[in-house]
Structures are given as C-alpha cells and as structure tokens.
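Please open the model in your viewer and keep the sequence panel beside it, so that each selection can be followed in both. The tour moves from one stop to the next, and at each stop it says what to select and what is there.

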Amino acid sequence: MALTDIAVLLVEDDPVFRQLVADFLSSQGASVKQASNGEQGVQLFTQEHYDIVIADLSMPIVDGLEMLRQMVDIDPAIPSIVISGNDAMSDVVEALRIGASDYLVKPVADLFIIEQAVEQALLTGSKPVEQAIAPHSTELIELSYQELNDNLLLLEQSAEAAKSVQQQLFPSSSVEYPNALINYTLYKNSDVSAFFIDSTMVGDEHLVLYMAHFMPEDNSAAFGCVLLRSFVNQQLKLFRNDQSEVLIQPSKMLEYLNERLASSGLHILMDIIYVSLDLSEYRVAIAQSGKGLRSYLRNPTGLAPLAISETDPIGFPTWKAPKVLSRHLALGEQLCIATYLPEHKQALLENKFEGLVFDASTKAGGFIQLECE
C-alpha cells in the first residue's frame with residue numbers, strides 16, 4: 001500500500017469527518033493519530049515524530065493557522081496539508097505562506113484525493129513514499145490543478161467572492177523590512193483588480209518583491225493572485241528547507257511560474273516584474289515578462305527607466321526565460337515598478353502611497369517602490 005509506515009497527524013474538529021479520513025488513511029497503510037483542535041494538535045506534534053500533518057483551518061481553541069505557525073517553529077521540515085471551506089481562500093494562502101505543502105477544499109468528494117495529496121507532499125518532504133509513486137507525479141500535479149479549477153469557477157461565478165478574496169491578499173500600503181521599506185498604490189476601477197503586488201523576506205539576507213498584471217481583466221484575476229501567491233509560497237517553503245534557491249533567482253523564478261501557469265490549463269496570462277534584493281550588498285536582480293510594466297530608478301532628479309530584457313507574458317506558448325539585470329542601489333536611489341500612464345507616474349513622484357484604491361474615474365494600474373534604509 002502506498003502509505004505504508006507513513007505517520008499522519010490528523011487535526012480536525014468535525015468528529016465524523018475526522019474518523020472517516022482516519023479510517024481511510026489507515027486502510028491505505030498509514031499510522032494515524034487524531035486531534036480535535038489546534039492545541040491538542042501541537043501537543044501531539046511535540047510528543048512524537050510525524051511524516052505529515054493534515055489539518056482543518058477552522059478549529060476552536062487554537063485555529064489551524066496558529067497551530068501551523070507553532071509546528072513550523074518546532075520542525076519546519078514536516079509537510080502539511082490544510083483543508084478549508086470555499087469561503088476561506090485567504091486563510092489557505094496564509095497557510096501556504098507559513099509552510100503548508102498543499103490544500104484541499106471541503107467537501108472532499110473522493111477520499112483518494114487526500115491520499116494523492118499526501119503522496120505529492122511527501123515527494124518533496126522529509127520522507128519519500130514508495131518508489132512506485134514517482135512515475136505518477138504528473139498525475140498528482142494535474143489533480144491539484146483540479147482543486148485550482150474548482151476555485152477559479154467559484155470566483156468567476158461570484159464577483160463578491162472574488163472581491164473579498166483579493167482584498168484580503170493585499171498588504172498595507174507601507175511594509176517595513178530589516179533595512180528596507182516598500183510602499184505602493186494600485187488603482188482599480190472595478191470590484192477586482194487586474195494588478196497585484198507582494199513581497200516577502202527570504203531568509204535573513206534576501207527580500208523579494210513583484211508586481212503582476214493578469215489577463216483577462218475579470219474575476220479570474222482574483223484567482224490569479226491566489227495562484228501566484230501560492231506558487232511563490234511553495235518556493236519559499238523549499239528555500240526554508242534548504243531544497244531550492246529559485247525564489248531569489250528572478251529568471252529561474254519566472255521560468256518556474258511560467259511552467260506552472262502554462263500547464264494549469266486556466267488560460268490566464270501574466271505580465272510580471274520580479275525583483276530579488278540582497279540586503280547584505282543592496283544589490284538587486286530584476287527580471288521581466290510581458291510589456292505592461294516598467295522598472296525605474298528614482299533619485300532626486302526624477303525617474304530613470306531601466307532597460308530590462310522582455311519576453312512574452314507568463315503563460316504564453318512561445319515564452320522564453322528572460323535575462324536578468326543586476327545592479328547596486330546607490331545611496332538615495334529607490335527602485336520603482338509602475339504602469340505606463342503619466343498620471344500614475346506623477347502620483348509616484350508625489351509620494352501618494354495609498355495601497356489598494358478604488359476609483360471608477362482612474363485607469364487601472366499603479367506603482368510599487370523599494371527603498372533601502
């Protein structure tokens with residue numbers, strides 16, 4: 001059996017569903033311990049070794065997100081799978097950022113989906129499953145995309161759901177990091193923004209940030225944000241486990257994003273500028289796909305455009321990996337990414353950093369600025 005000798009910690013507050021999943025995993029050869037809330041989950045996690053954790057996100061006493069944070073602090077190498085309702089996609093994205101390997105959406109129509117998700121997580125986790133599983137890894141990836149498609153349909157059918165999910169993904173207008181500050185404004189003139197920005201620390205010495213533009217500019221852009229954040233989070237987890245440095249290598253990161261998006265079958269294209277900053281040297285590496293965004297160096301005299309190699313948008317059939325521009329940020333310089341419109345660049349020069357702004361009279365777009373401190 002595929003899960004023979006795999007130790008599973010199952011944390012779920014619904015006793016019927018918990019027992020159903022536990023019995024199924026046991027029938028597939030796994031050894032399963034159960035907890036009914038996050039507090040019990042952490043207690044069991046500290047008492048013995050597990051190969052994987054499966055957890056609901058909505059639980060009493062200690063919720064799934066806080067439980068995952070505590071588990072990552074104890075042992076970040078143990079993979080986890082989260083289970084969530086359709087109305088909690090923002091929590092799913094946060095769980096992936098914390099370090100979860102995958103997610104499933106309730107109701108889970110087929111318990112074999114859970115088994116396959118476990119197998120996929122273990123393929124990149126701390127303990128390999130039976131060697132016979134490896135040839136089927138493509139099937140497992142395709143199966144995870146079925147989960148993505150299900151959520152895409154939900155967001156396409158409900159503008160309110162798309163708006164709610166996207167609003168929870170955007171950071172505040174100003175984000176402080178060790179020795180760096182990020183400010184941004186994005187203008188939207190409909191419920192869902194076709195543009196997205198994000199940033200995160202990668203270890204102690206690197207910061208990555210990006211600005212993306214999704215096409216088509218409809219409700220699927222909200223799911224594009226979820227998808228992009230999820231892909232970035234997967235690479236963040238690999239970096240934390242010393243398995244990959246793709247996240248801080250812009251060209252390879254865009255190559256990874258293109259592979260994932262193009263093979264998803266979701267028909268979403270994406271312009272993106274992706275930046276990795278080495279905080280020890282204040283050196284930035286920048287890569288770009290698509291033509292809808294521009295990078296600038298800002299100094300007291302204004303904005304100086306950077307000549308960066310372009311490719312087709314991410315997800316386009318003829319896409320090729322871009323070249324990377326690398327340079328130091330000099331004292332008093334800021335790195336900016338912006339859309340073309342003169343009114344957006346003027347707002348940038350006037351330091352109008354307002355976060356996500358709804359304005360029906362303003363064309364969609366905006367800017368993000370990185371300043372080293």
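## Starting at a helix

Begin by selecting helix α8, which has 21 residues and reaches 30 Å from its first C-alpha to its last, close to the 30 Å expected at 1.5 Å a residue. As you look along α8, bear in mind that this is a predicted model. Now show the rest of the chain around the helix: 18 of the 21 residues of α8 are buried, so the helix is largely enclosed by the rest of the structure. Just after α8 comes Asp242, a residue whose phi is positive, near 60 degrees.

Zoom out for a moment to see the whole chain, in which there are 10 helices and 17 strands. Of the 373 residues in the chain, 56% are buried.

## The antiparallel sheet

Next, select strands β8, β9, β10, β11 and β14, which form an open sheet in that order, with antiparallel pairing. The edges of this sheet are β8 (195-202) and β14 (325-328), each of which pairs on one side only. On average, and with direction ignored, neighbouring strands here are turned by 15 degrees against each other.

Walk across the sheet from β8, which is joined to the antiparallel strand β9 (residues 206-215) by eight bridges. If you select Ser199, you can look across to its bridge partner in β9, which is Leu209. The next step leads from β9 to β10, a pair that is antiparallel and has 10 bridges, and here Met215 stands opposite Leu269 in β10.

Stay with β10 and ask how many of its residues are buried. The strand is mostly covered, since nine of its 10 residues are buried. On its way to β11, β10 pairs in the antiparallel sense over seven bridges, and the partner of Tyr274 in β11 is Ala287. The hairpin of β10 and β11 has four residues between the strands, and in this hairpin Tyr282 takes a positive phi near 55 degrees.

Now add helix α9 (residues 250-262), which packs on a sheet by touching β10 (269-278) and β11 (283-289), with a direction that makes about 150 degrees with that of β10.

## The nonpolar cores

Show side chains next, and look for the largest nonpolar core, which has 65 residues and in which Leu228 and Leu370 have the most contacts. Helix α8, where the tour began, gives the most to this core, with 11 of its residues. In soluble globular proteins, nonpolar side chains tend to be buried together.

Which residues are in contact with Leu370, if its neighbours within four places in sequence are left aside? Among them are Ala180, Leu181 and Ile182, and also Leu207, Leu209, Leu277 and Val284. Apart from this core lies another one, of 26 residues, which include Val11, Phe45, Val53 and Ala100.

## The parallel sheet

Move on to strands β2, β1, β3, β4 and β5, which in that order form an open sheet with parallel pairing. Its edge strands are β2 (31-35) and β5 (102-105), each pairing on one side only, and the twist averages 20 degrees from one strand to the next. Strand β4 (residues 80-84) is joined to β5 by four bridges, and the two run parallel; select Ile83 and you can find its bridge partner in β5, Leu104. Helix α1 (residues 15-27) packs on the sheet, where it touches β1 (7-11), β2, β3 and β4, and its direction makes about 170 degrees with that of β2.

## Asp56 and Glu66

Select Asp56, which is found in strand β3 (residues 52-56). UniProt, in an unreviewed entry, places the feature "modified residue: 4-aspartylphosphate" at Asp56. Is this residue buried or exposed? Asp56 counts as buried, because its relative accessibility is 5% and the cut-off for buried is under 20%. Leaving aside its neighbours within four places in sequence, Asp56 is in contact with Val11, Glu12, Asp13, Gly64, Ile83 and Lys106.

For the last stop, select Glu66, whose place is in helix α3 (residues 64-74). Glu66 is partly exposed, with a relative accessible area of 32%. Add Gly38 to the selection as well: it is 28 residues from Glu66 along the chain, and the C-alpha atoms of the two are separated by 7.7 Å.

Notes: Residues are numbered from 1 along each chain as its sequence is written. This is a predicted model: local features need pLDDT of at least 70, side-chain atom pairs count only at pLDDT 80 or more; totals for chains, interfaces and linings use all residues. Side-chain values use heavy atoms; hydrogens and water are left out. Two strands pair if DSSP finds at least two bridges between them. Axes are lines fitted to C-alpha atoms, for helices over the stretch in contact, and angles run from 0 to 180 degrees between N-to-C directions. Contact means heavy atoms within 4.5 Å. A nonpolar core is a set of buried Ala, Val, Leu, Ile, Met, Phe, Trp, Tyr and Cys residues joined through side-chain atoms within 4.5 Å. Buried means under 20% relative accessible area, exposed over 50%, partly exposed in between (1.4 Å probe, protein chains only). UniProt positions are given in the numbering used here, feature names are shortened, and annotations may be inferred rather than shown by experiment. The expected span of a helix is 1.5 Å times one less than its number of residues.
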